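Colleague: I would like to go through this structure with you slowly, asking how each label is earned.

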Amino acid sequence: MILLASNENPLGMPESARRAAAAALQGAGNYPDSNGTALKHALAARLDVPIDWLTLGSGSSEILELAARVSVKPGEGIVYSQYGFVVYGQAAAHAHARSTVVPAHDFGHDLAAMRAVIGADTRLVFIANPNNPTGSFLEAGELLGFLESVPAGVTVLLDEAYTEYLAPAQRYDSMGWVRRFPSLIVARTFSKAYGLAGMRVGYGVAQPALSARLNAQRPRFNVSTPAQAAAVAALADEAFLARSYQLNNAGRAQLENGLHELRLASIPSSGNFLMVQVGEGRTVHARLLAAGIEVSLLDNYGLPHWLRITVGLPEQNAAVLAALRDLAPAR
């Protein structure tokens, strides 16, 4: 199978991380370091933040769940965008919160509309940048203006799972924003550009008072010994990250150009995936599966006529384009 459904890095796990994880298995008979000391030190140095601003998660999805758990009481409000990451709704449900889903603008966040629905009982806002599954991107000035407008007492979680794929001109100093806004959490992951999806390592960055609440709710041994070692190694492997970024840029352009030739609409993406309008999504998805290619259905996002395709290796991208060309009558 050609697996282009879960936004994984097609290069897989970096060899540096593989070696570190294998070495760490020698100590796997003992429980992991519950504080993730080595990984936190590496992250603190890379991000230029104090260690007590960090919370480790089993992927960044756990950080999203923890944010809801510590910010919201049953019946209070959580705000997020239509077509926002599916875990936002799940986190709200687990917290027994009231969800307000704000209609998207051009498949992305409408921050003005999101600000307008923040009420007296709103306690948490989820924002993804770039957004999954649409790939939309919010400019720094727009995001900063929103953060400045949010009332005190409302936590904002900025989900940056795909931030390593941003072009240099798109990048902004979210760590500086954490220093400025006591109720901001930035969540990131090693599952995407760093190639460690199977290791399940993510982290949140917030000021100490909020980080202390997150860590108080965090399961004690939520990141395994090999995963911590792999993340430390991957974080230091700048050559792998640069290769991943370059491969993604080229592969995304390859898919965009091919889809344009096939007259299939896609949404401009700042991540490692494209959302593509194919007609009958389930029919095309099933036929791609029969051809040995797995992409992602988007029915659960209310997008039955769209599929999400992860950017793969050049030959994988060529294969999915060829398969879509062959399936033209099914669209």
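Modeller: Of the 47 residues in the largest nonpolar core, those touching the most other members are Val125, Ile127, Phe146, Leu184, Phe190 and Val205. Helix H9 (residues 225-236) gives this core its largest share, six residues. This is a predicted model, in which local features need pLDDT of at least 70 and side-chain atom pairs count only at pLDDT 80 or more, while totals for chains, interfaces and linings use all residues. Residues are numbered from 1 along each chain as its sequence is written, and side-chain values use heavy atoms, leaving out hydrogens and water.

Colleague: What makes a set of residues a nonpolar core?

Modeller: The members must be buried Ala, Val, Leu, Ile, Met, Phe, Trp, Tyr or Cys residues, joined through side-chain atoms within 4.5 Å; buried means under 20% relative accessible area, exposed over 50%, and partly exposed in between, with a 1.4 Å probe and protein chains only. A second, separate core of 32 residues includes Ile63, Tyr83, Phe126 and Leu303.

Colleague: Why does alanine 212 count as partly exposed?

Modeller: Its relative accessibility is 46%, and therefore alanine 212 counts as partly exposed.

Colleague: How do you know that glutamate 62, which is buried, has no salt bridge?

Modeller: A salt bridge needs a side-chain nitrogen of Lys or Arg within 4 Å of a carboxyl oxygen of Asp or Glu, whereas the nearest side chain of opposite charge to glutamate 62, arginine 69, is 6.0 Å away; here Lys and Arg count as positive and Asp and Glu as negative, with His and the chain ends not counted.

Note on methods: Helices (H or I, at least four residues) and strands (E, at least two) are DSSP runs, numbered from the N terminus.
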